[in-house]
Amino acid sequence: MSPLEPCIALVGNPNCGKTALFNLLTGSRQKIANYAGVTVERKEGRLTSPAGRRMQVLDLPGAYSLHPRTPDEAVTCDYILGRLPGEVPPDLIVAVVDATNLSRHLRLVVALKRVGYPLVVALNMSDLARRRGVAVEPAALAEALGVPVVSTVGVRRDGAASLVEWLDAHFSIVRVAVERVEPAEPDRGDVAATANDQREVERVLAAVGRLDPPIDTPSDRIDGIVLHPVFGPLILAVTLFLMFQAVFAGARPFMEALTALVAMVAGWINASIAPGLLRSLFVDGILAGAGSVVVFLPQIVLLFAFILVLEDSGYLPRAAFLLDRLMGGVGLSGRSFIPLLSSFACAIPGIMATRTIPNPRDRLVTILIAPLMTCSARLPVYTLLIGAFIPNRTLALGVGLQGLVLFVLYAVGLLSAFVAAFCLQFATGKRTLQPLQMELPSYHWPSLRNLGIGLWQRIEVFVRRVGTTILALMILLWFLSSVPAPPPGFTGPAIEWSLAGRLGSFLAHVFAPIGFNWEISIALVPGMAAREVAVGALGTVYSLAATGQDVAGALTPIVAQAWSLPTALSLLAWYVYAPQCLSTLAVIRRETGGWRHPLLVAGAMFLAAYIAAGVTYHVARWWLGAG
Amino acid sequence: MEAPSTLRPAARLTLTELPLLGEGLILGLSVQSDRVSADLPERLAELGFLPGARVRVLARALFGDPIAVRLGSGTFALRRFEADCITVQVLAPPVCGAT
């Protein structure tokens with residue numbers, strides 16, 4: 001970044017449409033990292049105005065006031081007050097306010113004015129305010145507030161045009177800010193001070209002649225059903241169930257196409273490269289390994305799409321509302337629901353999302369149970385085994401048996417998390433009543449643009465992982481599985497003689513009691529880095545074990561033939577707990593500030609996985625033997 | 001404190017006791033129990049639960065906890081003990097025709 005580029009910071013209440021506006025200003029040129037020393041997500045982007053001026057844009061976490069009460073709010077507050085290490089304070093603050101909710105959102109503007117930076121107010125969602133008949137003239141509001149005001153629509157393509165024009169026209173203001181006012185003291189934050197600011201807001205609103213917003217909005221009518229004590233939970237259950245059915249069934253054609261593509265490339269390499277080490281590296285190492293992970297991209301995209309839509313539409317906090325009492329039963333609050341649901345995609349963003357939980361104890365428990373949520377990295381394993389062992393039958397009402405099994409696996413993970421939270425409650429001691437204070441934002445149609453940007457970021461992360469970590473591990477595993485070459489007289493598959501084969505047969509002693517063969521045992525080793533790697537590893541192991549047979553992308557029939565049903569069920573049970581994900585453990589270490597908690601999680605989950613797999617294996621054997 | 005069944009136009013209730021879809025005017029904030037953190041009123045104030053603001057109970061979850069409260073044009077979920085901290089004056093009885 002150039003030191004000549006001014007930095008503008010977007011500040012606003014949560015749910016003011018700040019992130020949509022940020023996406024609009026910066027497009028896909030965003031850099032997501034963490035603030036130094038804390039795990040709050042730092043979103044930075046670049047804006048080039050029509051006049052060719054370049055600016056850095058920072059999307060600060062949402063805050064209700066400059067008196068912080070969560071780690072997120074603390075970052076915003078410290079940044080604005082110039083107390084955040086490693087950060088240069090902004091040259092200009094863009095205060096984003098929800099035009100339909102000015103009486104609350106303007107209070108932050110009043111507080112920001114006191115701090116003394118150059119300030120411009122973005123009257124966001126101005127289209128919605130106009131439709132509801134509560135719009136105010138930007139010029140009148142600017143006059144009453146004594147701060148420039150522009151109107152924006154975060155969800156429309158040209159919605160930030162007036163803000164960008166303003167930035168262009170007032171670029172000199174942005175630049176002079178280099179020598180800035182000494183930031184004021186943080187706000188006191190008591191009721192009287194807040195009420196004082198509110199009086200100022202009411203004065204401003206009276207001056208612009210704004211009417212009170214209608215108390216009955218379309219959102220309320222939806223809430224009448226969605227938050228209903230009986231219909232609400234029903235709608236939630238159906239939504240989640242349909243989501244998992246769709247993830248399983250909807251992704252299938254795309255996955256089949258990808259599988260065919262991988263097989264085609266393998267066939268092409270087989271035809272054009274002479275048999276030998278190089279061909280084996282491409283076909284057995286890279287394609288059978290990394291290729292069998294890539295085919296799960298459609299499922300992961302679909303799952304993320306569902307979660308993003310639920311989040312963007314405003315439904316997620318409603319789900320948290322409905323589940324608050326239930327979560328309260330195990331000592332958590334509805335606020336833990338959102339991080340836990342994100343953990344279904346991946347525990348890492350889920351654990352990072354716990355920063356929005358103000359209570360440290362609730363936050364810790366949520367972090368500790370998040371790895372029990374079925375993350376998308378388990379999907380490849382589940383899909384492989386369900387596809388191979390569970391008949392594709394339709395039960396009543398068009399519900400597929402395979403989808404049902406998948407749902408059960410998710411449910412077992414969820415149930416275990418509740419049991420764990422319940423037990424942890426006693427370990428962490430008695431506590432005071434914890435407030436919920438959760439905003440339920442108005443419903444709105446998810447914006448395709450934001451959905452696209454969100455999905456693209458996830459796809460990028462996944463593809464980068466396949467291209468780096470997973471690929472490297474696959475090549476390493478291929479190497480270990482190929483050397484040393486067996487002596488001439490050896491009759492079995494070459495891999496049994498290799499380093500990997502020997503390690504596998506050693507590990508098989510540990511895992512034999514729960515029904516794992518040596519191929520599975522060895523696949524679990526690279527699976528430590530990332531769960532989905534285990535599938536790729538199985539691909540490589542079987543590819544090298546099979547003599548002359550082409551396995552790339554066709555693992556399903558092979559495991560269906562090679563494993564017994566109890567072994568498959570046991571591996572499914574193992575993966576409900578599966579402690580092997582070093583990235584998750586690393587994030588837990590960073591978030592909890594020590595090795596104690598990640599080691600506790602790894603140990604407990606390993607134990608749970610071993611016991612669950614063992615019980616499943618022996619019960620299944622007894623059952624099949626009896627039947 | 002009167003029970004909801006004997007509502008008079010100027011009855012003082014806590015937000016928890018406000019009937020579903022009934023409207024109230026916030027009179028004050030106070031901490032009712034020593035199990036509640038002392039800065040709760042401050043936080044509620046920052047969300048906009050200030051004396052003089054109008055509120056309406058939009059929904060109650062199963063077993064009446066938590067409740068969804070409309071405040072201005074925003075909606076917040078509060079647990080019962082939080083709503084207990086907010087004293088309101090009843091403005092209007094529940095809207096007829098709404099469920």
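Colleague: Happy to look at this predicted model with you! Is Asp39(B) buried, exposed or partly exposed, going by its C-beta neighbours inside 10 Å?

Modeller: Asp39(B) has 16 C-beta neighbours inside 10 Å. A buried residue needs 20 or more, and an exposed one has 12 or fewer. The count falls in between, so Asp39(B) is partly exposed.

Colleague: Thanks! Where in chain B is Asp39(B) placed?

Modeller: Strand S2 of chain B covers 23-29, and helix H1 covers 40-47. Asp39(B) belongs to neither element, and its place is in the loop between S2 and H1.

Colleague: Which element of chain B gives the most residues to the side that touches chain A?

Modeller: In total, 36 residues of chain B are in contact with 35 residues of chain A. The elements of chain B giving two or more residues to that side are H1, S3, S4, S5 and H2. With seven residues, the top contributor is H1(B).

Colleague: And what stands opposite Glu439(A) in S5(B)?

Modeller: Glu439(A) lies in strand S8 of chain A, residues 438-439. Two bridges join S8 to S5(B), and the strands run antiparallel. Opposite Glu439(A) stands Phe76(B).

Colleague: Lovely. Now to chain A: how many residues of the contact of H17(A) with H19(A) are nonpolar?

Modeller: The axes of these helices come within 10 Å and cross at roughly 140 degrees, and the crossing is right-handed. H17(A) brings Val365(A), Leu368(A) and Ile369(A), while H19(A) brings Ala417(A), Ala420(A), Ala421(A) and Leu424(A). None of the contact residues is polar or charged, and the nonpolar ones number seven.

Key: Residues are numbered from 1 along each chain as its sequence is written. Chains are lettered from A and ligands numbered from 1 in the order in which they are written. This is a predicted model: local features need pLDDT of at least 70, side-chain atom pairs count only at pLDDT 80 or more; totals for chains, interfaces and linings use all residues. Helices (H or I, at least four residues) and strands (E, at least two) are DSSP runs, numbered from the N terminus. Axes are lines fitted to C-alpha atoms, for helices over the stretch in contact, and angles run from 0 to 180 degrees between N-to-C directions. A crossing is left-handed if the near helix is turned anticlockwise from the far one by less than a right angle, and right-handed if clockwise. Two residues are in contact if their C-beta atoms, placed from the backbone, lie within 7 Å. Ala, Val, Leu, Ile, Met, Phe, Trp, Tyr, Cys and Pro count as nonpolar, Asp, Glu, Lys and Arg as charged, and the others, Gly among them, as polar. Two strands pair if DSSP finds at least two bridges between them.
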